Amino acid sequence: MLNKLLSKLIKNSAGKTRFLMALVGMSIAIFLILSAVQLQVNYYQLLHAKDNQDSIANFLVVNKIMTDQNIGSSSLSEEQIKDIQAQPFVESVGNLIPSRFKAAIQSNSQRFPFYTDIAFESVPSEFLDVTPKDWSWNEQSNYLPIIVPNQFLDIYNFQFSISQNLPQLTPTVVKMLVFKVTIQTAAGPLSMNGRVVGLSNRISSMLVPETFMEWANKRFANGPESNASSRVVIRTKDPGNPLLVKYLKENGLTTDADKTRFSKYRQVVDFVVNISGTTGVLLLAFALLIFTLFIQLTIASCKDEIALLVLMGSSPKQLKRFLMLRFFPPNIWIALIGLILISVTQYWLCHFLAAKQIFLSPIISGYTLLAAISILIVIAIVNTQSIGKWLKQKN
Amino acid sequence: MEISLQSLIPAPLKDRPQHAQSQIWRNNCMFHQGEWIKIQAPSGTGKTSFQHILYGIRHDYEGTVLYNHQNLKDFDEDALSKLRQEQLSVIFQDLKLFGNLTALENIELKRLLSPGYRSAESIQEMAILLGIDGILHQPAAICSYGEQQRIAIIRALMQPFEWLIMDEPFSHLDNANIQKAAALISSECKSRGAGLIITDLEADNHFNYQRVLYL
C-alpha cells in the first residue's frame with residue numbers, strides 16, 4: 001500500500017522505452033554469459049566423463065621428431081625427460097627402454113612356421129593398459145612374457161594370413177602359442193621360450209618386463225652401456241590441452257596426432273566461449289551503466305518528492321528498499337528466462353547428441369546456476385550502490 | 001523527551017540587533033516533556049527558521065539543540081527519520097503536501113509510515129470532524145488553502161509523537177474551524193501526553209498554554 005503511494009510519487013520519468021532497451025541489453029548479456037558457462041561445462045564433461053572417455057587418450061607416447069639433424073641421436077636426455085615431467089599437464093612419465101641386442105622369434109611348430117628378427121621395448125607396468133597375471137620375469141622363468149600391440153594381430157589376420165594362406169588367429173589362440181626367442185650374444189645364440197600374455201592398444205611396441213630388459217641389455221648389449229630412453233609415455237588428464245600440443249611442438253617432439261585431435265576442438269570451444277563470455281560481460285557492463293543512469297535520472301526527476309518524503313520521516317532505508325523493488329525484480333525475471341532458455345537448449349542438445357553416442361547431462365550445470373546468481377548479486381550491488389549514492393546527493 | 005536550546009541563533013539573524021530582546025535566540029531554554037508552549041513572533045523574527053531548526057531541516061545556526069541531551073547535529077539520517085516517525089510531528093506553514101496525491105493519499109502516506117499506529121477509519125473520523133470529508137478524494141493541489149491546512153493537521157496526527165510543532169497552522173481557517181481543529185489537536189496531544197510548540201504572529205487562546213515566549 002505504501003509502495004503504491006510511493007510509486008505514484010516516484011515515476012519512471014526517464015521513459016519506458018529506455019528502460020525496456022536496458023532490459024533487452026541485460027537479457028542478451030545474461031544469456032550470453034550463461035551460454036558460455038554451460039558450453040564450457042559441457043565440453044569438460046565430454047572430456048572427462050567415463051562414458052565418453054577413451055582410456056588410450058590419456059597416455060601419449062612421445063618421441064623426438066626425426067629430422068636430418070638428429071639422426072642417430074633420437075633418444076631423450078634425462079634433462080628433457082625431467083622437463084617433460086615438470087609440465088603442469090603431465091601427471092607422470094614412464095621411460096620406454098629399447099633393447100640393445102639382436103633378437104629373433106621363431107615358431108616351434110611346423111604346422112605354423114614363422115621366423116622374424118625383432119626388437120623389444122619395456123615400460124613401467126603402471127603405464128600398461130593390460131595387466132596380465134604372468135607379467136613378470138626372472139632368470140628362473142620358463143618363458144619370456146611379451147605384450148603385443150593389437151595392431152600387429154590385425155595386420156596378421158586381415159592382411160598377412162590372407163596373402164600367405166595361413167590360418168587366422170584369435171587373441172586366445174595367440175596367447176596359447178609358445179615360440180622360440182633367440183638372442184644373439186657374444187658367446188653365440190641364446191634361446192628361450194616366449195609367449196604372448198596380452199594385447200595392448202596403448203603402446204605400439206613388442207613389450208617385455210622391465211626386469212628382463214635390464215638383465216638382457218646389461219649382458220648382451222652391442223653398443224656402449226646406456227639406459228637412454230628412445231621414447232617416453234606420459235600420462236595426462238587432458239590430451240586435448242592446447243598447452244601440451246604447444247609444448248611438444250616447441251621442443252621438437254611428437255606423439256600420436258589422433259590423440260591430440262581434441263586440442264583443435266578445444267581451441268574452437270575456447271574461442272567460442274571467450275567471444276561469447278567477453279561479449280556478455282561487455283554487454284552486462286553497458287546494461288549496468290544504462291541502469292545506473294536510469295536510476296540517476298529517476299531520482300533526479302523526483303528530487304522534490306524524495307526530499308518531501310524524507311521530511312515526512314521516510315527513512316533512507318525505506319526509500320532504498322522501494323527503489324530496489326522498482327528496479328531489481330525485472331533482472332530476476334531475465335535471469336530466470338535465460339536459465340529456462342538454456343535448460344531447453346541443453347535438454348534438446350542432450351537428446352540430439354545421445355543419438356550420436358555423445359552423452360551430455362540433460363539438465364544445466366550448477367556452475368551455470370551459480371553464474372546466474374552471481375550476475376544477480378553483481379546487479380543488486382551496483383543498483384544498491386547507485387541508489388544509495390544518488391539518494392544521498394539529493395538530500 | 002526534553003528539548004534544550006543553548007545560545008541558539010540562525011546564521012542569517014546573527015548580526016541583527018533587534019534579537020537582543022528575544023527569549024529564545026542566544027538564550028538557554030528548556031522545553032519539558034508535555035509542555036504546551038506558545039511562541040509569539042512578529043514577521044521577520046525567524047519563526048519558520050526556528051521550526052526548521054528544531055525539525056532538523058536547517059543546519060545553518062550557531063549554538064546547540066539537544067533532544068534528551070543528544071545534539072541534533074549528531075543525528076544521522078536514520079536517527080533523524082526515527083525522530084520524525086516517532087517523536088516529532090510537524091505542521092509546516094507552507095503545509096508541504098504532495099499536490100498530485102489526493103487529500104486522502106497525503107494523509108494515508110503518513111499513516112503508513114508509522115504502520116499500525118492509527119486505523120484507516122480514524123482518517124475518516126477526523127476528516128468529518130474538521131469538515132473536509134467531502135474533498136478527501138480530490139488532488140491536494142486543487143483544494144483551497146484552508147482545506148489544505150486541515151489536511152496537513154490530520155496528517156500530522158497520524159503518527160506517534162512527543163512534540164507537535166506547528167507554524168501558523170490556522171492562518172486560513174475561520175474561528176469555528178480553528179476551534180474544531182484546536183480541540184482535535186488538544187485531545188490528540190493529551191492522549192499521547194505530548195507537548196506542543198506553536199508559533200504565530202499574534203497572541204491567542206487556542207490552547208491552554210503553560211508558557212508564552214517571545215521570539
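Here's a quick tour of a pocket, a buried asparagine and two residues with unusual backbone angles. Keep in mind that this is a predicted model.

Let's start with the largest pocket, which holds about 640 Å³ of space. Its lining comes from 21 residues, and those nearest the centre are Ile105(A), Phe114(A), Thr116(A), Phe152(A) and Tyr156(A). Three elements of chain A give two or more residues each to this lining: strand S4 (115-118), helix H4 (150-164) and strand S8 (188-200). Top contributor is H4(A), with five residues. Chemically, the lining counts 20 nonpolar residues and one polar one, with no charged residues.

Helix H4 of chain A also carries Asn157(A). With a relative accessible area of 8%, Asn157(A) is buried, because that value is under 20%. Its side chain reaches the backbone oxygen of Leu169(A) at 2.7 Å. Setting aside neighbours within four places in sequence, Asn157(A) is in contact with Leu169(A), Gln168(A) and Ile162(A).

Over in chain B, two residues have a positive phi without being glycines: Ser7(B) and Leu95(B). Ser7(B) sits in strand S1 (residues 3-10), while Leu95(B) belongs to the loop between strand S6 (88-91) and helix H3 (103-113). Here they are side by side:

| Residue | Phi | Relative accessibility |
|---|---|---|
| Ser7(B) | about 50° | 40% |
| Leu95(B) | about 65° | 1% |

So how do they class, buried or partly exposed? Ser7(B) counts as partly exposed, because its 40% falls between the 20% and 50% cut-offs, whereas Leu95(B) counts as buried, as its 1% is under 20%.

Technical notes: Residues numbered from 1 in each chain as written. Chains lettered and ligands numbered in written order. Predicted model: local features only at pLDDT ≥ 70, side-chain atom pairs only at ≥ 80, totals over all residues. Heavy atoms only, no water. 1 Å grid on protein atoms, 1.4 Å probe; cavity = no way out; pocket = protein on both sides within 12 Å on 5 of 7 lines; lining within 4 Å. Points joined across faces, edges and corners; volume = space filled by probe spheres on them. Helix = DSSP H or I, 4+ residues; strand = E, 2+ residues; numbered from the N terminus. Nonpolar A, V, L, I, M, F, W, Y, C, P; charged D, E, K, R; others polar. Buried < 20%, exposed > 50% of the residue type's maximum accessible area, 1.4 Å probe, protein only. Polar contact = N/O pair within 3.5 Å; in protein donor to acceptor, adjacent residues only side chain to side chain. Contact = heavy atoms within 4.5 Å.
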